Structures are given as C-alpha cells and as structure tokens.
Amino acid sequence: MPTTEQAAQTTTAAASGASATERFHTDKSPFEAVKDTPKERVDLLARELLYAAQETIRKHKVTYDEFNALKAWLIQVGRDGEWPLFLDVWLEHVVEDVATAHRDGSKGSIEGPYYVPNAPEQGADGAVPMRADERGTPLLWEGTVTSTDGTALVGATVELWQADADGLYSQFAPGIPEWNLRGTFTVGTDGRFRIRTIEPAPYQIPTDGSCGKLIAAAGWHAWRPAHLHVKVSAPGHELLTTQLYFPGDPHNDDDIANAVKPELMLEPVDRADSGRTVEYGFVLDPAK
Ligand code: MBD
Ligand code: FE
C-alpha cells in the first residue's frame, strides 16, 4: 500500500488502480479459499464462460481487428491495475445478489475496490476522521443494529468508508490523510450508534485508464451516485457489506456499477444548522 507521499501527485487511474490491486492481494487469499473446488466445477464455469464469448463472436462476426483490440485492451487493464475496478464495477453486483439471496435481514451491496480494514475506532458516538476544512454537507447518522429476531446487537461494529466532496477515497488518491473518511463505530449499550460525517459527492470511476477507455468507446458514462460504504458485523452473524444512497442523485437510476437497491435509499432531513440528520439501522442474519 503506497503511503500518501509515495502515491503519484496527481490523481490517475494507474495510481488508484495500483493501490486497489495491491490492497486486494494484501487482504485476500483468493486461491486458498477455493483450494477444495472440484475439477468438475472449474470445468463447468470456464466452459460456459468461454462458450458465451465464442457465441458472441459468431453472432456478431467479430473481426481480427476487433479481436486484437480486445487483446491489447485486456493487457492494458492489467498494466493499469484496473482488474479490481473492472470486476467490481461490471460483475460484482451479480455475485453479491447470489451470495445474499437467502438473507432475511438488511440488503447488501457490492464492496467495490476501496475498502481498507481496521479503520480507527470511534466508539458508539463519534465523528469519522476528517480534515479541518472537509467540504460537504454535515451528516449526523444514527441507527441500531439488531438480529433478525429483533435482539439489539450491542458491540456490533459499523465500518464506514466513503469518498470526499471531490469523489476521492483516502489511500487510493494522493494528498489525503491516511484514514480520512474511514472509521469503525461500535454499537453502545443503548443499542445505537451515532456517526458524524459529510455527505459524499457523486463518484466518477477513473476515466484516464482502460475502464475509462471502454466507457468512452462504448458511449457509456462513468458515474456512480453518491454513496456511503459500510460493513456491519457482530459475533454469530453474517457480515453485511452494503452501500447507502441519497435521494435525488441523478445517477441513482443509472449507476455504472448497478449497485443501487430501493431499500438502500437514505431519507435525510434538514437541520436548522445547515447539516442533515438521518436514521438508518441494520438487521443482521444469524450465521448458519
Ligand atoms: C467505487 O467507489 C465503488 O464504490 C465501486 C463499486 C467501484 C468503483 C468505485
Ligand atoms: Fe465507492
């Protein structure tokens, strides 16, 4: 993980991509987790995925020029470190739907490429670390964490990470303090947490790398609506990874990452002091 000083001094796709790729390898042991997967399943998944690509080539008479452009693009995605971004933006939402379909508790959403574990603990009632002049509408967010049977989960943790008013994430864009807008909150004995933060800006995925090149070539847009990321966990319960959204964002209906669900919409109310307040809690499914 590059420190702020080591990161490039301008925000580039290659810099955030390299950080996201390194982050992925730091946190996960992907091959270890599937070491007992039978050959039959690998065969099935690889065969059907390749078949879908082969059929697309046949159906649309893909040319050698197009095939070579695809090869060059795939090579460049790796060079830019944008595989985490690509996979999380265009495929993770389906993996998430499948993984959480059995749940009765709160709706999940995708993790995306910018989670960092062990954000500083702020207790049951605190502010997320932010700069003295952090821009954005102040948001006071209160809620409860319960089990599906209604029991309050005292000691549950809510890990929050979010972009700043420029749509940038600490540790993935240069010049931002290490833990800025990243914090861990713990539900108090009253069953509640209180988080003071700012409302993030809509987020544009990097447009100067390979993902941006695809977006431009296809005539798509690069926007995600403004969102708060959280992981909510409690002993004996399934980890909830989700995102929360703000009403009226022009990209709630056309999120490039397809990660908005109606249940994840906040309803903030204006306060007298120009900030906003919102109540939103979580219900966790007991682990099986
Ligand atoms: C993000 O901030 C994000 O949440 C996702 C899913 C993809 C890219 C950037
Ligand atoms: Fe995000």
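## Close-ups of ligand 1 and its surroundings

**View 1. Tyr169 reaches ligand 1 with a polar atom.** In this predicted model, a polar atom in the side chain of Tyr169 sits 2.9 Å from an oxygen atom of ligand 1. Arg224 does something similar: one of its polar side-chain atoms is 2.9 Å from a ligand 1 oxygen. Then there's His229, with a side-chain N or O atom lying 2.9 Å from an oxygen atom of ligand 1. As for cover, ligand 1 on its own would expose 260 Å², and the protein buries 100% of that.

**View 2. Ligand 1 takes up the space of a cavity.** Here's the spot where ligand 1 sits: the space it fills is the largest cavity.

**View 3. Twelve residues gather around ligand 1.** The residues around ligand 1 include Leu85, Val89, Ile110, Gly112, Pro113 and Tyr114. Also on the list are Tyr169, Tyr203, Ile205, Arg224, His227 and His229. Sorted by class, this shell has 8 nonpolar, 3 polar and 1 charged residues.

**View 4. A helix and a strand lend residues to the shell.** Look for helix α5, which spans 83–90, and strand β8, which spans 227–233. Each of these two elements supplies at least two residues of the shell around ligand 1.

**View 5. Zooming out to an annotated stretch, residues 110–286.** An unreviewed UniProt entry annotates residues 110–286 as "domain: Intradiol ring-cleavage dioxygenases". Over these residues the chain is 5% helix and 32% strand. The C-alpha atoms at the two ends of the stretch are 20 Å apart.

Note on methods
Residues are numbered from 1 along each chain as its sequence is written. Chains are lettered from A and ligands numbered from 1 in the order in which they are written. This is a predicted model: local features need pLDDT of at least 70, side-chain atom pairs count only at pLDDT 80 or more; totals for chains, interfaces and linings use all residues. Side-chain values use heavy atoms; hydrogens and water are left out. A residue is near a molecule or strand if one of its heavy atoms lies within 4 Å of it. A polar contact is a pair of N or O atoms within 3.5 Å; within protein, one must be able to donate a hydrogen and the other to accept it, and residues adjacent in sequence count only if both atoms are side-chain atoms. Accessible areas come from the Shrake-Rupley method with a 1.4 Å probe; for residues, only the protein chains shown count as cover. On a 1 Å grid over the protein atoms alone, a cavity is a set of points where a 1.4 Å probe fits but cannot get out, and a pocket is an open set with protein on both sides within 12 Å along at least five of seven lines; lining residues have an atom within 4 Å of a point. A molecule sits in a cavity or pocket if more than half of its atoms lie within 2 Å of its grid points. Helices (H or I, at least four residues) and strands (E, at least two) are DSSP runs, numbered from the N terminus. Ala, Val, Leu, Ile, Met, Phe, Trp, Tyr, Cys and Pro count as nonpolar, Asp, Glu, Lys and Arg as charged, and the others, Gly among them, as polar. UniProt positions are given in the numbering used here, feature names are shortened, and annotations may be inferred rather than shown by experiment.
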